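Let's take a friendly walk through this model together. Have the sequence and the 3D view open as you read.

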Amino acid sequence: MDLRFSPEEIAFRDEVRHFFATQIPAAIRNKTIEGRKFEKSDIVTAHKIMYARGWATPNWPKEWGGTGWTPIQQYIFMEELQQSGSPQPLQFNVQMCGPVLIQFASEAQKKRFLPRMASLDDWWCQGFSEPGAGSDLASLKTTAKRDGDTYVVNGQKTWTTLGQYADWIFCLVRTDLAAKKQEGISFLLIDMKTPGITVRPIQTIDGGREVNEVFFDDVRVPVENLVGQENKGWDYAKFLLGNERVGIARVGVSKERIRRIRQLAALERDGDRPIIENPRFAEKLAAVEVELKALEMTQLRVVAAERNRGTGKPDPASSVLKIKGSEIQQATTELLMDIMGPYSIPMADDDMDGSNELPIAPDYAGGIAPAYFNWRKISIYGGTNEIQRNIIAKAVLGL
Amino acid sequence: MDFDLSDEQRQLKDNLERLMAAEYGFDKRTAYAASPHGWSRELWATYAELGLLAVPFAEADGGIGGGPTETMIIMEQLGHAMALEPYLATVVLGGGFLRHGGSVEQKARLIPGIVSGETTLAFAQQEKQSRYDLADVATTARRDGNGWVIDGEKGVVIGGDAADHFIVTARTAGARRDHTGIGAFIVDAKSTGLSRRGYVTQDGQRAAQLTFAGVKVPASDVIGDSAGALPLIERVVDEGIAALCAEAIGVMTMMHATTLDYLKTRKQFGLTIGSFQAVQHRAADMFVALEQARSMAMFATMMADDSDARERARAISAAKVQIGRSGRQIGQEAVQLHGGIAMTMEYNVGHAFKRMTMIDRMFGDTDHHLARLAGLGGVIG
Ligand SMILES: Cc1cc2nc3c(=O)[nH]c(=O)nc-3n(C[C@H](O)[C@H](O)[C@H](O)COP(=O)(O)OP(=O)(O)OC[C@H]3O[C@@H](n4cnc5c(N)ncnc54)[C@H](O)[C@@H]3O)c2cc1C
């Protein structure tokens, strides 16, 4: 056992760190640090810079544009990326749909979809959840009825993140109404420009517009867009959800937030004293840091174990990463609220005089309450934290 | 000891509950929030007709002579509906200054307008550097002949965008955080030299930033002692906190009830999600937190007009801590147990969660009051 990174790994980390510091525009990375939202163009710009370097799809096999990095290197890359404030390569493409296609799709489908997925020439979104099918995803009702060489899709998806930008949506649809619920589901790729698709934005409590409802009304989808076998979609979905879960730990994101907290807690004062010198605050921060260090080590254990398990198969213990990772990210937003106190109350965008300057509070105060509100989602999406506990209880503990 | 409401108090509660049920549905609230002032002038007139705006004022001043319990009842119902009208700012805080510190002339001049619904007030205290310290006042009031001239800046003045008068704290002597040398002034919103910038708050209420540039105030608009207003300010703020605690109980009660309804109707895996024991325990914990908070809101109400300032401060801080903790737990759990739906602007729990979060940041957050209480030697005598 040697828990330190090897000299090669350290050299790799420095190379990656230098890349993000010099290649991804600071104007984009600073949005993360200052708590502002990315525009579509920020995500595309960062993705394409990584793509040009061959780094947009590190988790894919080399033949499809992967890097051939070890799991540890992939971990280092992601952690450096997150700490730099850069947007990630679009997860729907890289972490979710891409690996499913690589594992389960036909050669023709891979050739058709993967290159544009890797380069983000196509923006993908995830059409899994429905109004009646959240935690119980397998109860989904959107149907795809075979009609010659097309499927006719009817139904509704919801919570579709960034669906407003998407060129394609990967969907779970019901193709066998008679089968047991997990057994009648298929994994279908649908062009968002197909007639019969309507997207309605849903505003989240932070005021953002990142999720949507997507309605399907007699949408005709060529049979060639079916991934793998008909009625086997649930297997592919489980594979995808496992990957999604691991991706939510976001150790690098929380590290960046901790540094930001230190910075703002040194700037903001309570009387004469910077907040960081308030022992109660300093201890709360230290406690979150302990949790984060433990999470980092736990994640590294999971990553290192991947060598023996074979890549692409998530560890059932990845639910630990999802639970703790989401809780820690949420805790960082609470610490920032503690720092800003009453100055987190004004809303930045809704000034009635149309001025961009935040009333009374420093500029950086504007994003802090919205981030606290918005990040409540992290314990909900990707399988709620209750569902993760059910997974641990059943799959890990055998209860 | 008697925790029961009197017949009149129960009637007040029932009337208000009915009014809010009729006038504060989700769509109506959304419309009020989007209107120019962000709240309903019509409903404000109804509050006046029902006497709600007269409740805490003495009968001699044109009021009804209600006490902290009546204020608690009203605030809880306003909280339950997430009402947007500036009741706290106008009646509790503004009215509090007049009741506890106002001269006969000041009362006669302002209370009738408050009671009739024509006048709204706002408390201008927060400054860029002051955080939660009521004595941290950099805005100055300088003597000018018979009157005063105010210079400085105030922010997060809740209800300030539409208020007709402000109660402004300003330093008349001493250094920035001295406990003496602070005055409280009535300032007409139309005064020359006073500019205001209204804005929306994170929870959809309205506030303002005020800039005072040589604003002249006559001697008759000083409330009480021009150099010794801090005890008055603390007293009014403590009452304000007690009222906020009651409002928070309304918000929490609504979130908890809405969550329970949802747990009984939402089905996943062929069962209502409320049938899962993991969820049941969470709802039960929310209930425990709510009942603890309700008790402390009552304690705060009982102590809000205690003549011993130290005892009052201990009680108020203890209550604010409990409300802050319970509110955070209930708000976060309400969102979590709803899944995605409570993350949206289209559902009342999300709005309640935001309101609760902002209540925790008003007049001192949980940590602030924990430290204050520890400094006062705790709450168990
Ligand atoms: C901001 C955001 C973005 C999202 N993006 C996407 C996206 O891009 N694509 C997509 O397909 N989906 C997306 N989702 C949907 C997300 O995956 C679902 O919200 C999630 O699966 C929960 O489903 P639900 O909201 O229907 O809640 P429900 O499943 O109704 O759950 C409600 C509550 O009941 C609990 N519960 C349910 N079953 C059990 C059980 N058996 N035991 C214990 N507790 C239980 C849950 O944990 C939760 O607390 C997003 C959600 C959000 C909030």
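What follows looks at the contact between two chains, then at the cavities, and finally at two backbone positions.

Please keep in mind that this is a predicted model.

**Where the chains meet**

Let's start with the contact between chain B and chain A. Chain B brings 51 residues to it, and chain A brings 58 residues. Together the two chains bury about 4700 Å², with carbon and sulfur atoms giving 55% of that area.

Charged and polar pairs also cross this interface. There are 8 salt bridges between chain B and chain A. One of them is easy to look up in the viewer: the side chain of Arg361(B) meets that of Asp338(A), at 3.2 Å from N to O. In addition, 30 residue pairs are in polar contact across the interface, with both residues at pLDDT 80 or more.

Which elements of chain B give two or more residues to the side that touches chain A? They are strand 3 (147–158), strand 6 (194–201), strand 7 (206–217), strand 9 (267–268), helix 9 (309–338), helix 10 (348–361) and helix 11 (366–375). Helix 10 of chain B supplies the largest share, 6 residues.

**Space inside**

The model holds 4 cavities of 30 Å³ or more. The largest cavity has about 180 Å³ of space. Its lining is made up of 16 residues, and those nearest the centre are Leu84(B), Glu85(B), Pro86(B), Tyr87(B) and Gln205(B). Two elements of chain B give two or more residues to this lining, namely helix 4 (68–81) and helix 5 (87–101). Helix 5 of chain B gives the most, with 3 residues.

Here is how the residues divide by class in the two settings described so far:

| Setting | Nonpolar | Polar | Charged |
|---|---|---|---|
| Side of chain B that touches chain A | 15 residues | 17 residues | 19 residues |
| Lining of the largest cavity | 10 residues | 2 residues | 4 residues |

**Two backbone positions to check**

Most residues other than glycine have a negative phi. Two positions in this model are worth a look with that in mind.

Asn231(A) is not a glycine, yet has a positive phi of about 70°. Asn231(A) sits in the loop between strand 8 (226–227) and helix 7 (233–247) of chain A.

Where is Phe269(B) placed? Phe269(B) lies in the loop between strand 9 and strand 10 (271–272) of chain B. The phi of Phe269(B) is near 55°, again a positive value in a residue other than glycine. Strand 9 of chain B has already appeared above, among the elements that give two or more residues to the side touching chain A.

Definitions and conventions
Residues numbered from 1 in each chain as written. Chains lettered and ligands numbered in written order. Heavy atoms only, no water. Contact = heavy atoms within 4.5 Å. Buried area = accessible area lost by both parts, 1.4 Å probe. Salt bridge = Lys/Arg side-chain N within 4 Å of Asp/Glu carboxyl O. Polar contact = N/O pair within 3.5 Å; in protein donor to acceptor, adjacent residues only side chain to side chain. Helix = DSSP H or I, 4+ residues; strand = E, 2+ residues; numbered from the N terminus. Nonpolar A, V, L, I, M, F, W, Y, C, P; charged D, E, K, R; others polar. 1 Å grid on protein atoms, 1.4 Å probe; cavity = no way out; pocket = protein on both sides within 12 Å on 5 of 7 lines; lining within 4 Å. Points joined across faces, edges and corners; volume = space filled by probe spheres on them.
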